[in-house]
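Visitor: Could you take me through one part of this protein up close? I'd like to hear how a single helix sits among its neighbours.

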Amino acid sequence: MIFDKVTDAILRHLQHDGRLSNAELAQRVGLSPSACLRRVKLLEKNGIIQGYRAIIDRNATRSMATVIVQITLERQTEDCLRRFESRVRECPDVKECYLMTGDADYLLRVEAQDMSDYERIHKEELSRMPGVVRIQSNFAIRPVVQAWKS
């Protein structure tokens, strides 16, 4: 896989607008459409581009609460981390999960319909995950910066 300024430009443009036509993308990065398509297909094949998705405006549809959750585990052994990560991948309400440095072991972005839905997620999902000893939840008021928005 070629990683150069053109590849970086392709990735940057697709992150900003995944619906760009190949012709428009090729023009923006200075390649012929066929060369651009070959690079995009190679990026997809190698797993660098893992997919494309629609970003939904939660205010225009049903309201969703975004909750930033810090999880602390009882131990940071390889087995404890692996068991937690395996279980958190199965939770559909967890939209993102990061292994962290600092006070908390993991940072999660959870989406809930409302406070009572988050209470359900907390009781039935998060608190039952292997090794969890502390859960700190913070409700987001509104997004200020989102990488996928211009």
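Guide: Here's a walk along helix α3, followed by a look at the wider chain and its cysteines. Keep in mind that this is a predicted model.

Helix α3 takes in residues 33–45. Its 13 residues should span 18 Å at 1.5 Å a residue, and the C-alpha atoms at its two ends do lie 18 Å apart, so the length agrees with what you'd expect.

Now for its sides. The buried residues of α3 are A35, C36, R39, V40 and L43. Look down the helix axis and they fall within an arc of 135°, so they line one face of α3. There's a general reason for that kind of spacing: an α-helix has 3.6 residues a turn, so residues three or four places apart point the same way. What covers the buried residues of α3 includes α1 (5–16) and α2 (22–29). Flip to the face turned away from the buried side and you'll meet the exposed residues R38 and K45. Just after the helix, G47 takes a positive phi of about 80°.

Zooming out, the domain assignment of the chain gives domain 1 as 5–46 and domain 2 as 58–139. The C-alpha centres of these two domains are 34 Å apart.

As for cysteines, with sulfurs needing to be within 2.5 Å to pair, the disulfide count comes to zero. C80 is in no disulfide, its nearest cysteine sulfur being that of C97, 13 Å away; at 1% relative accessibility, C80 counts as buried. C91 is in no disulfide either, with the sulfur of C97 the nearest at 10 Å, and C91 is buried too, at 3% relative accessible area.

Methods: Residues are numbered from 1 along each chain as its sequence is written. This is a predicted model: local features need pLDDT of at least 70, side-chain atom pairs count only at pLDDT 80 or more; totals for chains, interfaces and linings use all residues. Side-chain values use heavy atoms; hydrogens and water are left out. Domain bounds come from an automatic or database domain assignment. Buried means under 20% relative accessible area, exposed over 50%, partly exposed in between (1.4 Å probe, protein chains only). Helices (H or I, at least four residues) and strands (E, at least two) are DSSP runs, numbered from the N terminus. The expected span of a helix is 1.5 Å times one less than its number of residues. The arc is that of the directions from the helix axis to the C-beta atoms. Contact means heavy atoms within 4.5 Å.
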